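Here's a quick walk through the ligand site and the pocket of this protein. Have the structure open while you read.

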Amino acid sequence: MKLLMIATALTGFACADSLPLIPLPVSVTAREGAFEFSAGTAIRFDRDLKTEADLFAADLQALTGTAPKTAAEELRIFLHSEIRLDLDAAADLPAGGYKLVISPGAVVVTGKDSSGVYHGTRTILQLLPPRGAAIWKDETPARLPALEITDYPRFGWRGMMLDVGRHFYPVADIKDFIDWMAFHKLNTLHWHLTEDQGWRIEIRKYPKLTEVGAYRESSPPYGNRKSDDGVRYGGFYTQDQIREIVAYAAARHITIIPEIEMPGHAAAAIASYPELGNTDIPGYAPKVMTRWGVHPYTFAPKEETFRFLEDVLGEVCELFPSKFIHIGGDEAPKTQWRESKFAQEVMKREGLKNEEELQSWFVRRIGKFLKSKNRRLIGWDEIQEGGLDQSATMMVWRDAKWARHALALGNDVVMATTSHTYFDYYQNPAAAELAKGDEYEAIGGDLPLAKVYSYNPASVAETPAQEKQILGTQAQLWTEYAKDMKKVQYLAFPRIAALAEVAWTPHESKILDDFLSRLDGIMKHYDAGKLNYCKPAGPPGKEGRDGSRPESPVGGKP
Ligand code: TNX
């Protein structure tokens with residue numbers, strides 16, 4: 001054992017797998033020696049990489065306490081110790097890919113594009129000791145093992161969905177969440193901005209959406225989902241805040257995909273502008289909902305609604321440069337459309353056989369509008385139930401059969417299946433979590449870390465062409481049971497690490513035990529960043545990885 005440790009110290013590391021990197025790079029080759037990184041190490045950058053260089057410099061300053069010198073490549077100043085950030089558009093790498101060469105004399109990151117360079121800098125940060133580690137205080141250089149990494153993502157869509165409708169998080173919390181996504185090389189934040197229980201985005205043309213729709217009169221407390229706390233709750237993001245967050249994410253190579261829910265999960269919007277609902281049904285009385293679950297309020301299929309939605313989406317398109325705009329489409333009960341004479345007349349007029357077809361007709365109209373804005377429509381998998389436009393992308397959350405259905409029709413798909421990506425489920429046994437207090441309540445169901453890790457989003461594809469239609473995968477953070485960012489973190493981490501590897505690393509390279517040992521290193525970064533993550537419980541009857549008993553898995557109090 002001692003001999004092995006000495007050998008490791010000499011060569012830097014014994015094998016690639018022992019490097020604390022998540023997601024695991026595509027290829028790592030060990031070389032002789034190490035690069036000595038210190039506060040004096042400078043960053044030399046290609047002039048098109050100023051943003052990446054500045055962000056990396058700030059990250060390094062957070063470690064060493066000193067802002068590293070940065071110099072554009074064309075300034076031929078001598079730097080005695082440097083990390084070089086280069087671009088090589090001709091490099092034989094997929095988009096987002098990079099090469100990292102660490103040698104005793106220098107560290108060089110070469111990206112296919114700027115996102116590749118950014119990913120390379122995240123790898124370096126994972127290789128360095130975390131913030132606050134003793135080494136940063138005593139001024140000994142940190143040793144980066146000499147190596148060559150060639151790395152690129154498996155999927156172009158590596159995402160997290162965050163629901164801010166059920167609970168609302170301040171701008172600073174969203175930025176912090178984005179930083180942690182970037183640390184894991186995730187690149188898509190699907191921002192679920194509207195819900196029955198709250199509308200969270202300022203729309204200039206319709207001020208009541210936030211005056212009325214952003215507030216509810218009560219919420220269910222933790223531990224008793226069928227009751228009411230009687231406390232008014234709400235909040236929303238101004239357009240300036242949204243621009244700020246979009247720019248913050250973009251600098252970190254994360255695209256934000258906004259979601260505006262229609263025709264269901266729309267009670268808050270309908271409460272703000274009641275004329276947009278099915279006003280001709282008995283007992284029509286929309287309000288911002290105070291309980292979770294599925295509610296019957298849906299937009300009426302009338303011209304006024306389409307004008308409203310196009311105006312809203314017009315403002316959304318101005319705020320969000322993403323190619324995709326998410327229009328929701330999930331869990332839209334058909335009860336009100338069945339009851340509404342007006343909706344039934346529209347169905348007759350348009351020759352639609354049932355309410356599912358009415359939803360597809362609704363979605364097609366919105367799709368046409370988005371196309372006119374040069375955007376692509378994406379929606380939850382229910383939007384295919386009544387027929388589907390070829391250009392629509394399907395976000396599959398229910399059974400894999402809906403993925404197969406969309407793939408067979410030739411549509412693109414993002415895999416977001418409940419079985420493997422619902423981070424609002426328990427990651428340790430529910431009884432153990434609830435024993436710690438009501439604030440540990442999750443929606444239900446089990447989704448342990450290992451199950452997330454086992455996910456193969458492409459398993460539904462039957463041909464290589466279908467495999468290409470799978471754009472990627474994302475995890476969902478529905479936030480009925482996450483009143484603050486601490487609880488969001490507790491649900492998200494460390495499962496986010498498993499998802500990141502599912503989305504980035506070739507499926508054949510994934511080995512659970514190896515992932516878990518690398519996760520030990522990543523958790524040191526979590527600790528240093530004061531992230532409120534859930535410590536995974538060990539196998540039944542044995543001590544957990546952190547020494548705790550599985551009956552009482554340790555986790556910071558949310
Ligand atoms: C279903 S998944 C929903 C959400 C809930 C979630 C809870 C989907 C597209 N809709 O509205 O928050 O279940 O797990």
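## Who sits around the ligand

Keep in mind that this is a predicted model. The shell around the ligand breaks down into five nonpolar residues, one polar and five charged.

By name, you'll find Arg166, His265, Asp330, Glu331, Trp380, Trp397, Tyr422, Asp424, Ile443, Trp478 and Glu480 surrounding the ligand.

## Polar contacts and burial

Which ligand atom does a polar side-chain atom of Glu480 lie 2.6 Å from? That would be an oxygen atom of the ligand. On the nitrogen side, Asp330 puts a polar side-chain atom 2.7 Å from a ligand nitrogen, and for Glu331 the distance from a side-chain N or O atom to a nitrogen atom of the ligand is 3.3 Å.

How much of the ligand's own accessible area does the protein cover? Out of 370 Å² for the ligand on its own, 93% is covered by the protein.

## The largest pocket

Now for the largest pocket, which has a volume of about 570 Å³. It's lined by 19 residues, and those closest to the centre are Asp59, Arg131, Asp179, Trp180 and Phe183. Two or more lining residues come from each of α2 (50-64), α3 (114-127), α5 (171-183) and α20 (512-528).

As for chemistry, the lining of this pocket has eleven nonpolar residues, two polar and six charged. Domain 1 (7-151) and domain 2 (157-528) each supply at least three residues to the lining.

Notes:
Residues numbered from 1 in each chain as written. Predicted model: local features only at pLDDT ≥ 70, side-chain atom pairs only at ≥ 80, totals over all residues. Heavy atoms only, no water. Near = heavy atom within 4 Å. Polar contact = N/O pair within 3.5 Å; in protein donor to acceptor, adjacent residues only side chain to side chain. Areas by Shrake-Rupley, 256 points an atom, 1.4 Å probe, with all protein chains shown as cover. Nonpolar A, V, L, I, M, F, W, Y, C, P; charged D, E, K, R; others polar. 1 Å grid on protein atoms, 1.4 Å probe; cavity = no way out; pocket = protein on both sides within 12 Å on 5 of 7 lines; lining within 4 Å. Points joined across faces, edges and corners; volume = space filled by probe spheres on them. Helix = DSSP H or I, 4+ residues; strand = E, 2+ residues; numbered from the N terminus. Domains from an automatic or database assignment.
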